[in-house]
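Work through the exercises below with the model on screen. Try each task before you read its solution.

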2 protein chains.
Amino acid sequence: MPAERPPRSTVFRGGLVVTQDAARRVRRADVRVEGGRITDVGEAGTLRAEETVDAQRRLLVPGFINTHTHVANAPLRGIADDRDLAGFLETMFAVDARATDETIEAGAAQGIAEMLLSGTTSFLDLYYGEDAVARAVERLGIRGFLGWAVLDAQFTTQRGVPLDNARAFLGRWKGRPRVTPLVAPQGVYVCSEDTWLGARDAARAAGTFCHFHLSETRKEVHELEAKVGDRPVNWLERIGFLGDGMVGAHGVWLTRREVETLARRRVGIAHCPSSNLKLATGGIAPVVELREAGVPVGLGTDSSASNNSLSMLREMHVAGLLQKHHRWDATALPAQTLLDLATVEGARLIGRADDLGSIEPGKQADLVLFRLDHPTLAPARPEAVVSHLAYSASEEAVDSVYVAGEPVVRARELVREPWERLRAAAERAADHLWAPR
Amino acid sequence: MPAERPPRSTVFRGGLVVTQDAARRVRRADVRVEGGRITDVGEAGTLRAEETVDAQRRLLVPGFINTHTHVANAPLRGIADDRDLAGFLETMFAVDARATDETIEAGAAQGIAEMLLSGTTSFLDLYYGEDAVARAVERLGIRGFLGWAVLDAQFTTQRGVPLDNARAFLGRWKGRPRVTPLVAPQGVYVCSEDTWLGARDAARAAGTFCHFHLSETRKEVHELEAKVGDRPVNWLERIGFLGDGMVGAHGVWLTRREVETLARRRVGIAHCPSSNLKLATGGIAPVVELREAGVPVGLGTDSSASNNSLSMLREMHVAGLLQKHHRWDATALPAQTLLDLATVEGARLIGRADDLGSIEPGKQADLVLFRLDHPTLAPARPEAVVSHLAYSASEEAVDSVYVAGEPVVRARELVREPWERLRAAAERAADHLWAPR
């Protein structure tokens, strides 16, 4: 693991700051960072520190939180496009069987590079072989909330018992600054009651939470209904699984009663609109109803094989377009809400509302510095910048990215490792995974 | 107008070429250009010319054709988000009344810069004051197909009679290499039969075509039905307007009979999915049915005020997601078709199938060189690159852009004028247009 930058204090001087505070203020300000945290947000030109970063031509934004992906799939981008879900999964499972620790780490590093370069500072993952993903996280300096996939023994390609593997993973990665291990039940189609409850207990014992697929397709809903007489959320409630700040990914096919259950149990949803649309899932996550009921909702890109971008900038755009269209209501999910989903609401979803998602004293210094003079941020008027983030900003407008006050992207270059080296390893991984198909 | 580069020959050596030829071949090849046109596409390392451009780490793609926008609105990005169409238009009309030749040219230059930097080499516009847009086109070197807006006298803010203004515009910009003047009836809600037929005759007399709004909203369809007893396409057919390779923008609310009429009259559709979704138009253009009927379909971004991006890369992504979702069919609009809409089909839509849209001998050398080593194009496998263009490539991956063999973007910098100067003028235009609101 690369050495952390020695703690020192920094002032980001005079940038236009999208604070995402309770009042959602956008203001010219100094932002002071020390020991990895924001210590002060004050009038431009007033704060002092050892190091000063000139931010006059920068827009400061809280780092984005990508609440659902399978980052190791980055080298599989384009391998299974334009197929129905069954055909898509057939390819994915066949290719997965060829994955090695080396291809997983190289793929994760590729995906993390893409995320950092588009302003994402935290992500939730669901996969097996998460040790290799965790190594890539620590190499590149992003925050990874990494869920080890658990499923019934008869469905897995994992060596050993998935739940035992997950417990061991939790133990190995406890207390690391950038890695938070999670337990990740794959979904109702491959997890029995025992697996769900075992996952919950393992997470609880380790002081963490579960991240799982939930009601993504009609098929999984209908098959579960045929098998146990209940829809997924109702059944998970019946067996006593739900609770503890869990994060369900997708939540496309939900009834109003299920939405109420999620709210009561404080289980949130990672909304993945691009992936749902691309795989023709058919339904649309009831984001407005979920939020009205008080369910935390974040945004997720899902994997590079089903999106195919890992950019939260694109995901905000698509999320907004989709709800407006679906509801015949152009006021649905306005720009400010879209930015909320990508920042403060994502933080709330993963139980880190006090720590991540906004630029306020006490929070982690996870910051993205956008180029205010970039073509996709013009006109750079304070009253328009939130709209630009949600609807037009291109990844290239991300100049620098900080995680816990440490620069991980500077002038569009990864700080810790050169992209060219990551790229070469990722292409080798792709060669191994793609051919011969 | 800046001097054209002296004609000379160039070979783009050894790039991965997305030819968009009839067989849709993707191959390592040399591309030779002379006098602004492609003279040869041959085996890598075999072609000779005065100048050689090393393209080994480049993906060569035909320049994108954005078939509907209002480019001068670039400084209005973010001014009227998240409002219903009536509220949106109210703001747009109020702001439009403040536009001057100077703000139009500065806004057009801003929008053209964004388009060039995202790989667009041709665009169709609909606006008044197109002389200022044409000047921006000639300054920056893109191809502009510029439609002068015509509408009934009682609805216009134009000085003089719109149709006379359009005729004069056609005369002033005839025979220019980068500007093709069009006539642009605004829509059935502001154009009488006389205006439509006058527009058609003016275009016909000048050897050009009409570009117009068509069936974008339910409201315009229902109001026309109430007024004349017919839906827009049926009525335009009844009055004898349709024909001559016209381009209707949107085409959201069409019946099967109207689709058949468009096919019979060889009238095409500029599909603008992001704008339709963002304004909550409700319907979805029947792209699959239009194509099955033989109607040419291209992609358009619409304006920066209703998208809010001018990137055709984003538009391909959104277009694909939307049709897959709408039809519950992940195979709808596959990646290759999306790229076709943005290139060869766009060329066919505007009657330039012999001249634009593919990398083949005899075609204009409108070329985009993408960085094959960019994170959003990984893995850079020949069988995946069309998918990456449609679903993941970020604008930053566009390294260089050529129009008629002339470099207009090189290493992400505009060649003819620096972005910083365009930006300053665009921000001044925004200051004039936005405040006080």
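The exercises move from the two chains to helices and then to single residues.

This is a predicted model, in which local features need pLDDT of at least 70, side-chain atom pairs count only at pLDDT 80 or more, and totals for chains, interfaces and linings use all residues. Residues are numbered from 1 along each chain as its sequence is written, while chains are lettered from A and ligands numbered from 1 in the order in which they are written.

**Exercise 1. Find the relation between chain B and chain A.**

Step 1. Superpose the copies by least squares on the C-alpha atoms of residues with pLDDT of at least 70 in both.
Step 2. Read off the operation. A turn of 180° and a shift of 0.0 Å along the axis lay chain B on chain A, with an RMSD of 0.0 Å.
Step 3. Name it. This is the relation of a two-fold axis.
Step 4. Locate the axis. In chain B, Glu396(B) comes closest to it, with its C-alpha at 2.8 Å.

**Exercise 2. Describe the contact between the chains.**

Step 1. Fix the rule: two residues are in contact if their C-beta atoms, placed from the backbone, lie within 7 Å.
Step 2. Count. Chain B gives 52 residues and chain A gives 52 residues.
Step 3. List the elements. Helices are DSSP runs of H or I with at least four residues, strands are runs of E with at least two, and both are numbered from the N terminus. On the side of chain B that touches chain A, those giving two or more residues are α2 (101-117), α9 (273-278), α11 (312-327), α14 (385-391) and α15 (419-434) of chain B. The most come from α15(B), with six residues.
Step 4. Compare the two sides. The copies meet through the same surface, because 100% of the interface residues of chain B are also interface residues in chain A.

**Exercise 3. Work out how α4(A) packs against α5(A).**

Step 1. Take the axes, which are lines fitted to C-alpha atoms over the stretch in contact, with angles from 0 to 180 degrees between N-to-C directions.
Step 2. Read the geometry. The axes of α4 (residues 162-172) and α5 (residues 193-205) of chain A come within 10 Å and cross at roughly 10°.
Step 3. Classify. The helices α4(A) and α5(A) are therefore roughly parallel. Angles under 35 degrees count as roughly parallel, over 145 as roughly antiparallel, 65 to 115 as roughly perpendicular and the rest as oblique.
Step 4. Find the partners. Leu163(A), Ala166(A), Arg167(A) and Leu170(A) of α4(A) meet Thr195(A), Gly198(A), Ala199(A) and Ala202(A) of α5(A).

**Exercise 4. Decide how enclosed α12(A) is.**

Step 1. Set the cut-offs. With C-beta atoms placed from the backbone, a residue is buried if 20 or more other C-beta atoms lie within 10 Å of its own, exposed if 12 or fewer, and partly exposed in between.
Step 2. Apply them. Seven of the eight residues of α12 (residues 335-342) of chain A are buried, so this helix is largely enclosed by the rest of the structure.
Step 3. Name the cover. It includes β6 (64-69), β13 (297-299), α11 (312-327), α13 (344-349) and α14 (385-391) of chain A.

**Exercise 5. Place Val18(B) and Gly251(B).**

Step 1. Val18(B) sits in strand β1 (residues 9-18) of chain B. Val18(B) is buried, with 25 other C-beta atoms within 10 Å.
Step 2. Its contacts include Val26(B), Leu59(B) and Val385(B).
Step 3. Gly251(B) lies in the loop between β11 (247-250) and α8 (256-265) of chain B. Gly251(B) is buried too, with 30 other C-beta atoms within 10 Å.

Key:
Lists of a residue's contacts leave out its neighbours within four places in sequence.
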